[in-house]
Amino acid sequence: MRKGFLAIGAVGVLALGSLTACGDDSGDQAGGGSGKTPKIGVILPDSSSSVRWESADRRFLKEAFDAAGVLSDIQNAQGDKNAFQTIADQMITNGVTVLMIVNLDSGTGKAVLDKAKSQGVATIDYDRLTLGGSAQYYVSFDNVAVGKLQGEGLVKCLTDAKVEKPAIAYLNGSPTDNNATLFKEGYDSVLKPKFDSGEYTKAADDSVPDWDNTQAATIFEQQLTKTGGKIDGVLSANDGLGNAAISVLKKNNLNGKVPVTGQDADPQALQNILAGDQCMTVYKAVKKEADAAAELAIALAKGERKETGQTVRDPEGNRDVPAVLLTPAAIYKENVKDVIADGYVTKEQVCTGDYAKLCTDAGIS
């Protein structure tokens, strides 16, 4: 059952089922219009930076393709750039008419997209924009808005805790991921004015290569040591990095005393929020993202183009990419239940062991 609170729509005019067909440009890839059997290839990035790729994106994309009766091949590169390119080559060789990718970095992504284009395969950037790439569409969430919610969330939790002149540590996402840049733009828009005024201080500001949670724990431990334990809030760019910080805070008996942000609303993060160890997370209704991307991919596979009513600027490619951007939502202890009610995670995944009572207390039934 899906609740009205999480009826998250697109930023722009796109609504599922309302994409408008338009004439093909002569320079567009042919996709299914070439007479080939429509087949869609999807390359996911990994399963370590976030559980969402396997638990949500794969599932929702497959359901959408199956419902449309379109063949699909969904694989995961597991963070390996060579494997990413090999999978792409195999998919192109095996006759996909559309290739949808979540790039590991823009360089690798661009090489794959350009090769697909040269072979007449239509392409979509899913979740991450490939800078300098050639994808015909980009489908994601408003990632600056995601970061802004994180910044606002950290401020709310520090204010609620009545922390004066808090020292903030940043655990940014991978420097090779354009989304991480956009998240930082969002939370900087909230926190930089506070740093500039002296209301807050920035204790540390580090990026985590490849969103690696093990490295994140090491980096945060170093941040805590360098500051003599004086960190009052952690702006972590996703739940995996947030949980890494929480693991270090636990070792120092600081968990629950230092607000930590996140993103993805994964089961562990929701448990952390219920336990008071994590301040908040940002929920992105992946089903809506997957459905929007699948609808565009299915159209391309059939040789059609659709209007999205919105574009995103690719500064490296010096072009405007037709885009669908969806709206994220902030999740705190009081509305964890909404993520479960939306079907993104199940009660059984979250309300285990010691968390069962916390779920009951939070109104999760």
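Q: At about what angle to β8 does helix α6 (residues 213-226) run?
A: This is a predicted model, in which local features need pLDDT of at least 70, side-chain atom pairs count only at pLDDT 80 or more, and totals for chains, interfaces and linings use all residues. Residues are numbered from 1 along each chain as its sequence is written, and side-chain values use heavy atoms, leaving out hydrogens and water. Helices (H or I, at least four residues) and strands (E, at least two) are DSSP runs numbered from the N terminus, while angles run from 0 to 180 degrees between the N-to-C directions of axes, which are lines fitted to C-alpha atoms, for helices over the stretch in contact. Helix α6 lies across β8, β9 and β10, and its angle to β8 is about 160°.

Q: Which helix lies across β8, β9 and β10 at about 165° to β8?
A: Contact means heavy atoms within 4.5 Å. The helix at about 165° to β8 covers residues 178-197 and lies across β8, β9 and β10. This is helix α5.

Q: Which strands stand at the edges of the sheet that holds β8?
A: The sheet is open, has three strands in the order β9-β8-β10, and is paired in parallel. Two strands count as paired if DSSP finds at least two bridges between them. Each edge strand has a single partner, so one of its sides is left without a neighbour in the sheet; the edge strands are β9 (201-207) and β10 (233-236).

Q: Which residue of β9 stands opposite N172?
A: Strands of a sheet pair through backbone hydrogen bonds, either parallel or antiparallel. Strand β8 (residues 167-172) and β9 pair in the parallel sense over six bridges. Opposite N172 in β9 stands S207.

Q: Which residue of β4 stands opposite K39?
A: β3 pairs with strand β4 (residues 71-76) in the parallel sense over six bridges. Opposite K39 in β4 stands L71.

Q: Which helix joins β3 and β4 in a right-handed β-α-β unit?
A: A crossover is right-handed if, with the strands pointing away from the viewer, the path from the first strand over the helix to the second runs clockwise. The unit made with β3 and β4 is right-handed, and its helix is α1.

Q: Which helix supplies the largest share of the largest nonpolar core?
A: A nonpolar core is a set of buried Ala, Val, Leu, Ile, Met, Phe, Trp, Tyr and Cys residues joined through side-chain atoms within 4.5 Å. The largest one has 47 residues, and I40, L61, F65, M100 and Y126 have the most contacts inside it. Among the elements that each supply at least two residues are β3 (39-44), α1 (52-67) and β5 (98-101). The largest share, 10 residues, comes from α9.

Q: Is K347 buried, partly exposed or exposed?
A: Buried means under 20% relative accessible area, exposed over 50%, and partly exposed in between (1.4 Å probe, protein chains only). K347 is found in helix α11 (residues 347-350). Not counting residues up to four places away in sequence, K347 touches I340, I364 and S365. With a relative accessible area of 33%, K347 is partly exposed.

Q: What percentage of the 365 residues in the protein chain is buried?
A: The secondary structure of the chain comes to 12 helices and 15 strands. Along its principal axes, the C-alpha trace spans about 65 × 45 × 35 Å. Of the 365 residues in the protein chain, the buried ones make up 54%.
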